[in-house]
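Please read the points below with the sequence and the structure open beside them. They go from the surface to the interior and then to the strands.

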Amino acid sequence: MTKYFFLKAGLIFSLLVLLAITIELSLIRHSYYKSLAIDNKLTEISLLAPRGRILDRKGREIAVSVYQEDDNLWKRKYPYGQAMGLISGYVNQVNEDDLKERKCGLEFDHMDLIGRGGVEEKMDCSLRGKNGRRLIEVDALGRYVRELGREEPVSGQNLTLSLDAYWQEQAFQLLNGRKAVLLVSNPKTGEVLVMASSPSFDPNNFSFNKNDIAVNNYLRDDSNFPLLNRAIAGRYHPGSVFKPVLAVAGLESGVISGETTFEDTGFIRVGDYTYSNWLWLKERRTEGQVNVVKALQRSNDVFFYKLGEKLGVDQIKQWAVRFGYGLKTGIELPGELAGIVPDAQWKKETKGETWFLGNTYHLSIGQGDLSVTPLQINQMTNIIANDGIKCPMTILALPENEKRSRNEVLGIKKQTLTLVKEGMKRACQKGGTGWPLFGMKTEVACKTGTAEVGDGTNDTHAWMTAFAPADNPEISITVIVERGGEGSDIAGPIVKDFLEKWFENN
């Protein structure tokens, strides 16, 4: 009986406890557990949108999004690697600053990719899509039950560039790892066809085949600066490739005509300072009476010293700015620099010094404090090739009507352009300075340049800029090799190799 009593009492107690729990769950805490159950059953999942493709002018993929089904992510792939790295830029995941900024007016998901450098950064809002989302029901263990609703992601817009990926690769190979730039554009539209800058980086290391070691090496390489697009952000003394601006300024202002000559005496002495012609320094030779055509053909420094003195610094600067120096071209890439065209006011404000005649001499041959980007030199070349019409430089494939509407007529006289072009034609013919281009099947107009670095060393930057065919220009090409030596010896062969390949295949 005692045993039966305890079993009965235990059963009654258990039933009372169960009843109490039931009353608490179903009556006292019903609302709380009901809301908790509902919250636990609904989950929203982001559906990341793929970025738009970046294409070259012929539809080749420069950047494309590839879906990785196993970490449910889009990865960015760059088929041309280093050859296009400084044009495409790269992507990586958004950081805390990006999340706060709400760039493009959109909210970011923490897994979103954002453009860094190149067109990925500059055109980020166009390339970026709009994320979608899924509303799903899960059980108490978080297991999928069913989909309750879906908003599909919207892909970003595709972007077509003016560049030709095939010729970009060819140009990058010609640079052969040197610190150098090779630019090619259409002088009649301002479209950039090639913008090769070396050394470069492989953007796949930031995304598709993520390689932290390679990325750290890029960031720490303060000798080669592989993340620097030298075409738009490298500032250099232009040396003699600047001389066509002086020729135009002198002819347009009436300071000289086609018949005007200055005697090449080998050097000019002002007080304790001597300003020499390159041929005098090299071979102790002079060239007699020199007109503007011969001055461009032979790159005669004495002629341009005397012309610069007659023009004065203010007129030189005025024409330099009209050609685009000291200003950004506005190309659709981040990080472009404007360069410097110095004058008396600039020198006073920057250095606290007075402008001297010697400063004008240096400016007249592209030295001193003058600094330019390779893209600005290419733009100057286009203006001469295109009969004085300045087409804004662009890296986008623009509609024909939009290209024409942005052009600026500089009002340079036909006779001026004829003389300058003739001097540049003769520069790449026998007797000129551009010896690697002698005898080419396609007639070329060119200007060589050997620019002192100005850092206390004897190093010089090697320049050449050219357009071809000379009488109906299809392309212009500009090459600089940093600390390469003489322009004709170092930049000239690169220009020749590219032009021969181009006209054999086009």
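**Notes on a predicted model**

1. On the surface, L42, L135 and L148 make a nonpolar patch of about 220 Å². Keep in mind throughout that this is a predicted model. L42 is located in strand β1, which covers residues 42–47. Is L42 buried, partly exposed or exposed? Its relative accessibility is 41%, so L42 counts as partly exposed, because that class lies between the limits of 20% for buried and 50% for exposed.

2. Turning to the interior, the largest nonpolar core has 91 residues. Those with the most contacts inside this core are M195, F303, F304, F323, Y325 and I331. Apart from it lies another core, of 30 residues, and L437, M464, V495 and F498 are among them.

3. Which residues does M195 touch, once neighbours within four places in sequence are left aside? The contacts of M195 include I87, L163, L182, L183, A231, I232, L333 and L375. I331, itself named among the core residues with the most contacts, is also in contact with M195. Q168 and N229 complete the picture as further contacts of M195.

4. Next comes an open sheet of four strands, in the order β4-β3-β2-β9 and with mixed pairing. Its edge strands are β4 (73–77) and β9 (159–160), each of which pairs on one side only. Strand β2, residues 54–55, pairs with β9 in the parallel sense, over two bridges. In this pair, L55 of β2 is found opposite T160 in β9. As background, strands of a sheet pair through backbone hydrogen bonds, either parallel or antiparallel.

5. An antiparallel case is given by β18 and strand β19 (residues 460–468), which pair over eight bridges. Here K447 stands opposite T465 in β19. Why is strand β18 described as largely enclosed by the rest of the structure? Strand β18 spans residues 445–452, and six of its eight residues are buried, so the description follows.

6. A lysine deserves a separate look. K425 belongs to helix α19, which runs over residues 414–427. With a relative accessible area of 13%, K425 is buried, because buried means under 20%. Leaving aside neighbours within four places in sequence, K425 is in contact with E443, V444, A445, C446, A470 and D471. Two of these contacts, A445 and C446, fall in the range of strand β18, residues 445–452.

Methods:
Residues numbered from 1 in each chain as written. Predicted model: local features only at pLDDT ≥ 70, side-chain atom pairs only at ≥ 80, totals over all residues. Heavy atoms only, no water. Patch = residues over 30% accessible without salt bridge, like charges linked within 9 Å, V, L, I, M, F, W, Y side chains within 5 Å. Areas by Shrake-Rupley, 256 points an atom, 1.4 Å probe, with all protein chains shown as cover. Salt bridge = Lys/Arg side-chain N within 4 Å of Asp/Glu carboxyl O. Buried < 20%, exposed > 50% of the residue type's maximum accessible area, 1.4 Å probe, protein only. Pairing = 2+ DSSP bridges. Core = buried A, V, L, I, M, F, W, Y, C linked by side-chain atoms within 4.5 Å. Contact = heavy atoms within 4.5 Å.
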